[in-house]
Amino acid sequence: MNIQAVVFDLDDTLISEKQYVTSGFRVVSRFVSDRFGIDESAVFDTLHQLFAADSKRVFNRMFEELRIPYQEDDIRRLIELYRNHNPQIEFFDDVIPCLTYLRNHGVKTGVITDGYKVTQWKKLKAVSAEIWFDHIIVTDELGKDFWKPHPYPFELMAEKLGVQFNQMMYVGDNPEKDFYIRSVYPVITVRIVRDGSIYAKKPYYCGVKENFKIESMHELKGANFVGS
Ligand SMILES: [Mg+2]
């Protein structure tokens, strides 16, 4: 393979979605504690337990579980707080060594991420992503229609980095959106399987699987992948 650029997904590829959720729940717990006079750790623990069982309507269920009367406005406020908070998150341990390796081998790097633009940029800023990547695309800025697996953000990335599709590798974790691109363009797709990733059990979009599967970014280094 002649890989000139490696492009990454963000959530559960470069950073832990669980770490982000924990960070958001901390901010929400503090707010609910101040506002409703409930012990902060009780709110935090409740949020975690409810989220572990089911990620939907967690804030509504938290109020119900703690027997706090609430209105839709309270839910909106908590969602806004959560999505707009400055998260306490870090790259996974294997990320910086991998990015350093790629840079030292003259390989360009990028990020293509879905999710609300404000939220995704807060995450990217929290890890100083702009220092580490040649180009970052938050698909939400292109419009909701262009979230992955739409090929447009990949076209844009190849153009920005000045590489052909067959010189580009995309590393992600989510079978519903990260590997389908290889059925449109000859992008090499790599699935990273990390412990506890939220989307690990999702089905492949249109049945399109990755080219390669890895468990750590360290596996991207070396003769079989990049920079031999
Ligand atoms: Mg992901």
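**Exercise 1.** In this predicted model, find which residues Phe133 is in contact with, leaving aside neighbours within four places in sequence, and place Phe133 in its nonpolar core.

*Solution.*
1. Beyond those neighbours, Phe133 is in contact with Phe8, Leu14, Phe91, Leu99, Thr109, Gly110 and Val111.
2. The largest nonpolar core has 49 residues, and Phe133 is one of those that touch the most other members, together with Val6, Phe8, Leu14, Met169, Val171 and Leu220.
3. Because domain 1 (5-16 + 90-221) and domain 2 (18-84) both give residues to this core, it lies between them.
4. Another core, of 15 residues, lies apart from this one; among its members are Ile112, Phe154, Tyr170 and Val187.

**Exercise 2.** Determine how strand β4 (residues 168-172) is enclosed and which strands are joined to it.

*Solution.*
1. Take the faces in turn. Met168, Tyr170 and Gly172 are buried on one side, and Met169 and Val171 are buried on the other.
2. The general pattern behind this split is that side chains in a regular strand alternate between the two faces of the sheet.
3. Five of the five residues are therefore buried, and β4 is largely enclosed by the rest of the structure.
4. Strand β1 (residues 5-8) runs parallel to β4 and is joined to it by four bridges; Ala5 has Met168 as its bridge partner in β4.
5. Strand β5 (residues 188-192) is also parallel to β4, again with four bridges. Here Gly172 is partnered by Arg191 of β5.

**Exercise 3.** List the protein donors of the magnesium ion and decide whether Asp9 and Asp11 are buried or exposed.

*Solution.*
1. The donors are Asp9 (OD), Asp11 (O) and Asp173 (OD), at 2.1 to 2.2 Å from the ion.
2. Their spacing in sequence is D-x1-D-x161-D.
3. The cut-off for buried is under 20% relative accessible area. Asp9, at 5%, therefore counts as buried, and Asp11, at 15%, counts as buried too.

**Exercise 4.** Describe the surroundings of His85, starting from its place in the loop between α4 and α5.

*Solution.*
1. The loop that holds His85 lies between α4 (72-84) and α5 (95-104).
2. With a relative accessible area of 5%, His85 is buried.
3. Not counting residues up to four places away in sequence, His85 touches Tyr20, Ser23, Gly24, Val27 and Lys122.
4. With one of these, Ser23, the contact is polar and runs from side chain to side chain at 2.7 Å.
5. The His85 side chain also reaches the backbone oxygen of Tyr82, at 2.8 Å.

Key: Residues are numbered from 1 along each chain as its sequence is written. This is a predicted model: local features need pLDDT of at least 70, side-chain atom pairs count only at pLDDT 80 or more; totals for chains, interfaces and linings use all residues. Side-chain values use heavy atoms; hydrogens and water are left out. Buried means under 20% relative accessible area, exposed over 50%, partly exposed in between (1.4 Å probe, protein chains only). Helices (H or I, at least four residues) and strands (E, at least two) are DSSP runs, numbered from the N terminus. Two strands pair if DSSP finds at least two bridges between them. Donors are N, O and S atoms within 2.8 Å of the metal (3.2 Å for Na, K and Ca); water is not among the atoms, so sites may look incomplete. A nonpolar core is a set of buried Ala, Val, Leu, Ile, Met, Phe, Trp, Tyr and Cys residues joined through side-chain atoms within 4.5 Å. Domain bounds come from an automatic or database domain assignment. Contact means heavy atoms within 4.5 Å. A polar contact is a pair of N or O atoms within 3.5 Å; within protein, one must be able to donate a hydrogen and the other to accept it, and residues adjacent in sequence count only if both atoms are side-chain atoms.
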